[in-house]
Each structure stands twice: as structure tokens, then as C-alpha cells.
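This report examines a protein assembly through its side-chain contacts, strand pairing, backbone geometry and chain interface. The sequence and coordinates are shown first.

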Amino acid sequence: MSEFNLSRREFLMGSLAGAGFLLAGERVSSDAGLNDAQVKSITLKITYTTEFLRCPKDEEIDIWLPIPPSDMEQEITDLKIETKLPYRKPSKEYDQKQNKVFYIKTKNINKGEKLTLRYTIKRTNIGTVELKDEDPQQHLTPSEWEKWDNGITQYVDTTVGKVTEPAVIARKLYDGIVERTTYMHKICTRGVSTLAFEEKSGRSDDFHALYRSMLMYKGIPVKWQQGTILPYPSEMKKSGRIEADCINAHSWLMFHAGGNRWVPVDLSEAKRRPDLKEFYFGNLVPNRIRMSTGRGLTLEPPQKEILNTFAYTNVEADGIPLIYGHNYKNFIQYEIVKMEGQN
Amino acid sequence: MNGVLAIALRTLLTLLLTSFLTTLTSGKAVASVKEGEPAPTFVMVDENNKEVDLKTLIDKPTIIYFTHNACHYCTQIIALLKRAETKFGSKNLRIIGINIMAKDGKLVKAYKKELGFVFPMFAGNRQDVLKAYKINYVPVLVFIDAQGVVKSIVGHYIHEKELHDHITDISIK
């Protein structure tokens, strides 16, 4: 299948032209091009592949492959794993948790061996979410990377003042962080709140570690969402492939606004796309896939090393993480099935 | 009035003594890395869990390279550093690797074996080291001259020519 840019006209006329994708709802683009903020949902066929380039011989290899969950924002269907390696499905108990994995224990993986996960995802921008069964208190414990020091608390106190309404506090801090933090390209960050605050720079994990630490300091529960981000709808080709490495990993947050309301925010994308700064306080462009929730996760069975975030395959040999790019690589291939505009 | 003065003096002396004792017990605070200033040094463990004082290694132009296992670009920089060590000679250039994922020598040993390099590497998953070098991401290369002074810090992927230019810069006597 040849790749081509999905132009505004093709996007609008897709269903009529029989190009394999449909447009529902009203006009979603302006004359200047497709408006990313007005894309309601994207349905994609995803092929996620981990390819082994070389593996240590005669060592126990443990592999954890994250399974994207279905929830109110994303619907996963036709999920299939393809591999010659013996895999274990998530247990029933584990299945009830927010994060799921396929687990493989093996030895002597051949060069070129692949693990492939295929599924269809319909990702929808639904804005603020009502979650009745979610206990907000469980999202008030910072990970080891989200501590707050005097610099952070002073900044929060000064910025927020005497305001007590969670959404207003969240908005003031959102504006403050987006304003003061520089976005960095082509680095693999650790997402440490104190360093992000001091250095005033970083990528998604740094923006969100800092924001999370500030909200928690103010007693506002906030969930870490981890996954990957694909090209924006306005830039997305009908099909494409990205490397699923630390550069393309992406995080965002949902803070508790009181009652059952959880509000999505993406500060780093608000920084990268100033035209979407208002949008990203309460909305997410659906060009993303959530793979897990939380940081410092303990997988099933437990991995040996600390896992900062869990967006892609985690591999250990005799309990030691393999080296990405040297021992293995991950890729995500996508194919647009359908895009819908806001009604 | 004399009584008030005596209390004030006693309080001041107590504060000074407390400050002095705190300095004695906690040791000298480690300064953050800064161009033009001495490189922060630490006693760190290598792949055999042997403790090494980095200060003893910075006796010639030195590169301290921060990396970890999940960083794709970092692996490519290891290849460039291996080539630089050959080109400039181990008598003229010291390369020190710090793996910020490693808490002990086990991970370092596996990393060195997989990537096949011989320059020293240390377990760098330590708050004091990460804070002193402000490591919130990798790759980071710190270029240090023979006097132990930081000449430059590069916090992104580096091309071979740029790497060699930095090495030449720290090699000027």
C-alpha cells in the first residue's frame, strides 16, 4: 500500500471517494487545513512489533508486552498476539487491574524473532470523564520521581494563592508550567519533577511529573497515563510506521476535579502546539494510544528492575534489562480505518 | 537589658555551633555541575562492585558519559566513544561511563559485555550523582580538561565531528 498525505480534501471527501475511511459529523477543517481539535475519534488498525536483534545466550529471558486497555476513551477490538514464543495471558485477578500484559519466559531467542500484537483501536476525545468506581485517594501517592521540594511548594503557593477550587488551581499551574518550561526534542528523559522544575525543560514525562507533584502537593488526585503518540490527524498519512522507542513514548494526565469528574490534560503538547493550549486543558487529540496507568509499576510476574514508565515491551535477561536498539527494537504500524469530526 | 543581650548571644552561639556540627557530620556539600568549574566527583562502584573515586580517574582530558539501557541514541554514542578512544589514545583521553539505571555492578557488567567496550563504567542510579550532574535525561556528555575543570556539557545526540571538536578543546594545554 502506498503512503500518501491525508489532505484536507481527502479527509473531507474520504467516505465519498471510497478511500477506506469515513467522515462523520460536521465539517472538521478550516480553509487552512484539518483542525486537529475538531477530530472526535480516530479508528486505526495497529500492528505493534518487537523484533529481537540479538539476545544473550543461555540466559533466562523475561518479556512483558503491554496490552492496551479498553475504557471510555479507547475501545480495543480484535486483539491478537502472534509469536512462536510461549506466552501467558493475564490472570483473571490481574485482568481486573488497570494494566495488562502478555508475559513470556524463554531462552535463546533467535535473531529476527518477532512478537506481534494486532488490534483495532477507536480512540475518542470525550473530554472530562465521569468515573463512579474510581477511588481518587489512590492517585495521591507520588512515585519516586514526583517529589516536591521547597522550590516547587513555594512556586505553587505563589501561583495558586488562596484558591481552593481544584479546576482553578489546576488551570493556574497548567498555564504556569507551559509558560516556564522549554520542550526538548530527541532525548530520553527520566521525568523527575524537581529537576524539571530547576532546569525548566523537558519532554512529556518531565512536564507531567512536575504538574503531578504540584497537584498532589495541593491534595488533588492525578492519574498518570502512559502510551504513545502518533502523528496529528492533520499530518497523519493513511498508513505509517513509527519506532516505539523512548522518543515516541508519551504521557498525559487526568486530574480529579471533584465528584466523579476526571479532567484530561496534556501540558507538553500544549507547549508544542500553542494553538491547542486551550484545547489541551480538558481534551486530548485522539492520535494516541494508552498502554498503562501509573509509574513505577510492578508487573505480573514482577520484573527485577524498577520500571519508570510502561509504554512498550519490557525485556530482562537474568533479571537485567536488555539494551534497547542493541538487543531489540519496537515498531508501531498504523492504518487509518476511520476518522470522525465533532458533531 | 544585659539579660536580653546574653540570651541573644547564647542563641547566636548555639546557631553557629549547630551549623558547624552539621557541616562536620554531613560532609562538604557537592556543588552542581557548571562549565568553568571543577567537575563534581564521587566514589562509585564499577562492574565488579569495586569502589573507585572518580577524582583519581580525572588525571587527563576526560569525558563523563551518562546513559541508560532504554536509550536508543545512547548506544550509538558508545560506538563513537570507542572510536574516539582509539583515535586519540587512552594516554590522552579518559572516558568514564555512568549508567543511570544501574544500582550496582551487575547491570554495568552486562551492559559492557553486550556493547563490548573496556573503558570504565559505574552504577549511577544515585540521587547525589544525578542531582550534582542534573541528569533528568540522557544522553549527556561532560567534557573535562586535565585540570578537572568542566569545559562543556552536551545534552543531546552528538555527531562524530562535534565529539572530536570537544575532545580537541579539552586537550589544549
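Glu300(A) and Arg88(A) form a side-chain salt bridge at 4.0 Å, N to O, where a salt bridge is a side-chain nitrogen of Lys or Arg within 4 Å of a carboxyl oxygen of Asp or Glu. The two partners come from distant parts of the chain, 212 residues apart: Glu300(A) is in the loop between β18 and β19 of chain A, and Arg88(A) is in strand β7 (residues 87–88) of chain A. Over all chains, the structure holds 24 salt bridges.

The model is predicted, so that local features need pLDDT of at least 70 and side-chain atom pairs count only at pLDDT 80 or more, while totals for chains, interfaces and linings use all residues. Residues are numbered from 1 along each chain as its sequence is written, chains are lettered from A and ligands numbered from 1 in the order in which they are written, and side-chain values use heavy atoms, with hydrogens and water left out.

**Backbone geometry**

Glu300(A) also takes part in a cis peptide bond, which leads to Pro301(A) with omega near -10°. Pro301(A) is found in the loop between β18 and β19 (314–317) of chain A; helices (H or I, at least four residues) and strands (E, at least two) are DSSP runs, numbered from the N terminus. In chain B, Val138(B) and Pro139(B) are joined by a cis peptide bond with omega of about 0°, and Pro139(B) lies in the loop between β6 and β7 (140–144) of that chain. A further backbone feature is the positive phi of Asp78(A), near 55°, in a residue other than glycine. Asp78(A) belongs to strand β6 (residues 74–82) of chain A. Most residues other than glycine have a negative phi, and most peptide bonds are trans.

**Strand pairing**

Two strands pair if DSSP finds at least two bridges between them. An open sheet of 5 strands in chain A follows the order β10-β17-β16-β14-β18, with antiparallel pairing. Its edge strands, each pairing on one side only, are β10 (129–130) and β18 (288–293). Several antiparallel pairs are listed below, each with one of its bridge partners.

| Strand pair | Bridges | Bridge partners |
|---|---|---|
| β4(A) and β21(A) | 13 bridges | Ser41(A) and Glu340(A) |
| β15(A) and β21(A) | 5 bridges | Ser239(A) and Glu335(A) |
| β16(A) and β17(A) | 4 bridges | Phe255(A) and Val263(A) |
| β12(A) and β6(B) | 2 bridges | Cys188(A) and Val138(B) |

An aromatic pair also connects β4 and β21 of chain A: Phe52(A) lies in strand β4 (residues 39–52) and Tyr328(A) in strand β21 (residues 328–341), 276 residues apart. Their ring centres are 6.4 Å apart and their planes are at 40°, so the pair is tilted. Rings of Phe, Tyr and Trp (its six-membered ring) pair if their centres lie within 6.5 Å; planes under 30 degrees apart count as stacked, over 60 as edge-to-face and the rest as tilted. The whole structure has 15 aromatic pairs over all chains.

**Interface of chain A and chain B**

How much area do chain A and chain B bury between them? The value is about 2400 Å², 57% of it on carbon and sulfur atoms; buried area is the accessible area (1.4 Å probe) that two parts lose on being put together, summed over both. On the side of chain A, Arg190(A), Ile320(A) and Ile323(A) lose the most area to chain B, together 26% of what that side buries. The contact (heavy atoms within 4.5 Å) takes 32 residues from chain A and 27 residues from chain B.

The interface has 1 salt bridge, and Lys134(B) and Glu199(A) meet in a salt bridge at 3.8 Å, N to O. There are 10 residue pairs in polar contact between the chains, both residues at pLDDT 80 or more. A polar contact is a pair of N or O atoms within 3.5 Å; within protein, one must be able to donate a hydrogen and the other to accept it, and residues adjacent in sequence count only if both atoms are side-chain atoms.

The elements β12 (188–189), α5 (193–199) and β20 (320–321) of chain A each supply at least two residues of the side that touches chain B. The largest share of that side, 4 residues, comes from α5(A). By class, the side of chain A that touches chain B has 15 nonpolar, 5 polar and 12 charged residues. Here Ala, Val, Leu, Ile, Met, Phe, Trp, Tyr, Cys and Pro count as nonpolar, Asp, Glu, Lys and Arg as charged, and the others, Gly among them, as polar.
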